[in-house]
Amino acid sequence: MTESPVLSVRDLVVEIPTRHGILRPVDGVSYDIHAGEILGVVGESGAGKSMTGNAVIGLLDPPARIASGAVLLSGQPIHALNGETLRRLRGKRMGMIFQDPLTSLNPLLTIGDQLAETILEHLDVAPSEARRRAIAALEEVGIPAAAQRIGSYPHEFSGGMRQRVVIALALCAEPDLIIADEPTTALDVSVQAQIIALLKRLCRDRGVAVMLVTHDMGVIAEAADRVAVMYAGRLAELGPVREVITQARHPYTAGLMASTPLASQGRMRLRQIPGAMPGLDALPAGCAFSPRCEYAQDRCRQDPGPTLSACGGRAACWFPLVTDTKQEVRA
Amino acid sequence: MSAIIKVDRLTRIFDVSKPWLNRVIERLPRALLTAVSEVSFEVEENSVYALVGESGSGKSTIGKIIVGLVSPSGGKVEIEGVDLASEKDPGRIDSVRADIQMIFQDPYASLNPRWRVRNIIAEPVAARGGNTEGLAERLLEQVGLSAADAGKYPHEFSGGQRQRICIARALSSEPKIIVCDEPTSALDVSVQSQVLNLMSDLREEFGLTYLFISHDLTVVRHMADKVGVLYLGRLVEEAPRDALFGDPKHPYTRMLFDAAPRMDAFGRDIEPPRGEIPDAINPPSGCAFHPRCPLAVARCSRERPEMRQLGQTRVACHLAE
Amino acid sequence: MAELSTEASPSRLRQAWNSDFIWSFRHSPVAVVSFFIVLLMMLGALFAPLIAPHNPFNPATLNLMNGFTPPGQANQFTGESFLLGTDDQGRDVFSTILYGMRISLFVGLSAVLLAMVLGVTLGLMAGYVGGWTETIIMRIADVQLTFPAILVAMLIFGIAKGITPPEYRNEMAIWVLILAIGLSDWVQFARVVRGATLVEKNKEYVQAARLIGRKRYTIMLRHILPNVLNPVLVIATISLALAIIAEATLSFLGVGAPPTKPSLGTLIRIGQEFMFSGEWWILFFPAMTLLALALSINLLGDWLRDALNPRLR
């Protein structure tokens, strides 16, 4: 791609000082998202995927803080901005969609008021125009009879409809970037499919860059263009979704794919990765995955953890898998 | 093979009305929620029967009725020929109770945080005055933890390890049946596969019967021998696994299969399903699925379809063939 | 309770020292200072007969000539001097405070214990059993809450006094006081425990115990009670401060501890008669003691609430 990315994250490190020492829930993460692209960020709970999203949009809960690295929005550094500037930027150029739509809507205001308020705050329009745009935004996310429902309160909507309202709210100030943190986890399968289809359509039609954080590989496979796999705060693998899923290079990604019941249909045993992801306060030396990795060698346990840039940009592994994951032939 | 669980026209209605005073003042009628409506099925001994459905389908309520946590409003459940709700002989009730155990969804809420693992695991036996000497240690090793873990508290374990402790507790009274209510949906994928494999191994080793409740079709497809699909408290389709996944008959089952994310569907652009699950307090007339059904005809909104046998499949749809 | 056996390990002490709870205590100067003030006062009250320079309730040791000695100065008639001065009858204020605290703390602790046992029991029952049991218990609690606690205590005190024979009144006064304050204070325990029980009883570990056929009271006592104790501990601490103040208020109003066994409240009542006649110390020192005691316990309670709240950690 020739145009500059909407979002660039460079060597991002998030630290949480605790009395047991400094934890690094995000450790040296770098990626770009271009306009009209959906980047999926996957990982197990505690892998740092949500923390990365929160760091980008400036919603880290103290004492967590960005310790080093850079976050660039259309080339402009935003990681060091202070409260007010960042807050304006957050509504105007970045939108956020959370897992639980109820907590991201104000229960005391009608959805029309919430939408109009956001539009008035960030766009230079008259109140009547703001209302018109609010209705248009609701129509765009597929809420039937938007003009009538604009006076409704959040509790009058079903879970799926609420999530649509949240998406409308994130979109109404016409941002360049949307961070969606587990947007479908709380929803039923049929509604999840609707929301994913909606996100994909909005991304394509409006050229918004989307960072889709989820633990569900299936959602990633359907929605994302590229995928970043996180493990223990670091990027394990980054690449086009089809390649990462069908030809994983990092043993962790390969194990993750193989352990989903989807991948092993029929009545055989599931592939499993032994053990569990280490806690941030008990990371092993070297590659964080090495204790669970069946291919780990001395170098993996001794050298500092491999990074994407040190390993050719696709998988952060000293000995990446080279062929089809189903055969797992080693170089 | 004989049926170890027989569920016959099981119905459960919850009263979700506001308090009496509010109803009088606001002139509201009683609100009754039919969580389970005339569900019948049988589970063969040493098999895995899965109940799938989305929220409000009543799958968890059925599980709770079967283990005796919730009483039925109508119909009955027979376990090994004993109906727990009407049985009078305390000895028989107790022996059936010991034969049925449950594994819950949330491994964080299902272990008492103030108890040591040893006591948690041995409780089903200790409650009946059985011998618990060395029991927890033995079971911990059976589920892949170490005997030394018996003296620890639940907070010292990860989610997957806690689910193993729950499984150990469920096994302690040497049950024949285990009701598994979304046992892996709170776990990460790599841990989920460990727990599912463990469950498969234990089933073979102890000849267990599982009633497997889940919303995750991929897990159900992996685990189940027979699958029942629920929609708004009713069984809409039931078939052996391969028949169901190979040739789904009910339009709702097909919709579920189409909507589920797939790992080989890169950039798939499908028409997502229509509408959302209706309010269970005022369900649609006739077939509850008709407002969302692509095939619906006038008859569907008037007449509720009865269960019909179609080959290996039982299906409640006027149009299925 | 064989199932709850614990084994001691050599590093227990070390572990406890490093536990989150103790760590948060060590790193909260307010909590540490409050804790030591409370500890000091409790020890002082407990060992009052050993520490106090005089026994203020033994008329044989009193000398009326010592009356109104200002703190730290020698008495103009007898030449004796007292750390915090003396009252009108020549009693050493420091000693009366030590003995007064004894009564205040005893009444406060006993009343809180009574309220706690009553409130936790009723709250557990209301929350777990539900239905009519809950309705009756919680409506009684609601009704009681509409009266100020001190009024309820005075009412109970009055009734109890009315039915005790006069010759036992002075002896019984302390116990009646405990009953009155305890009964006026159970409601908050019941409410909090009921709320916590409602949360716990829907958790899956309780369902797991139910489905193996555990009896109701076993589930309440063994499963739910240990999990609702954290908020109870916080309320008990804050209630202790309130109970001590309630006792002082009742005694100040003259319906509490008798002058022969004065509590801090009684001392303050006696002292306020001399407030404007220049003998300020008779009021000032008991009042300051009460203030320091109540404040320290309250601050300790605040810290406890934060330390036991998993969300704030």
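In this predicted model, the meeting of chains B and C is a good place to begin: 17 residues of chain C are in contact with 22 residues of chain B. On the side of chain C that touches chain B, two elements give two or more residues, namely α9 (204-211) and α10 (216-252) of chain C. The largest share comes from α9(C), which gives seven residues. Sorted by class, this side of chain C holds seven nonpolar residues, together with six charged and four polar ones.

Turning to the inside of chain C, a pair of helices deserves a look. Helix α5 (residues 93-129) of chain C and helix α12 (residues 281-308) of chain C have axes that come within 10 Å, with a crossing at roughly 35°. The crossing of α5(C) and α12(C) is right-handed. On the α5(C) side, the contact is made by C:V93, C:I97, C:G100 and C:M101. From α12(C), the partners are C:W281, C:I282, C:F285, C:P286 and C:T289. Among the residues of this contact between α5(C) and α12(C), seven are nonpolar and two are polar, while none is charged.

Finally, a word on confidence in chain A. The mean pLDDT of chain A is 83, and 94% of the residues in chain A reach 70 or more. One stretch to read with this in mind is residues 324-331 of chain A, over which the pLDDT is below 50. Beyond near neighbours in sequence, the stretch 324-331 of chain A nevertheless has 11 contacts in the model.

Notes: Residues are numbered from 1 along each chain as its sequence is written. Chains are lettered from A and ligands numbered from 1 in the order in which they are written. This is a predicted model: local features need pLDDT of at least 70, side-chain atom pairs count only at pLDDT 80 or more; totals for chains, interfaces and linings use all residues. Two residues are in contact if their C-beta atoms, placed from the backbone, lie within 7 Å. Helices (H or I, at least four residues) and strands (E, at least two) are DSSP runs, numbered from the N terminus. Ala, Val, Leu, Ile, Met, Phe, Trp, Tyr, Cys and Pro count as nonpolar, Asp, Glu, Lys and Arg as charged, and the others, Gly among them, as polar. pLDDT is the predictor's confidence in each residue, from 0 to 100. Axes are lines fitted to C-alpha atoms, for helices over the stretch in contact, and angles run from 0 to 180 degrees between N-to-C directions. A crossing is left-handed if the near helix is turned anticlockwise from the far one by less than a right angle, and right-handed if clockwise.
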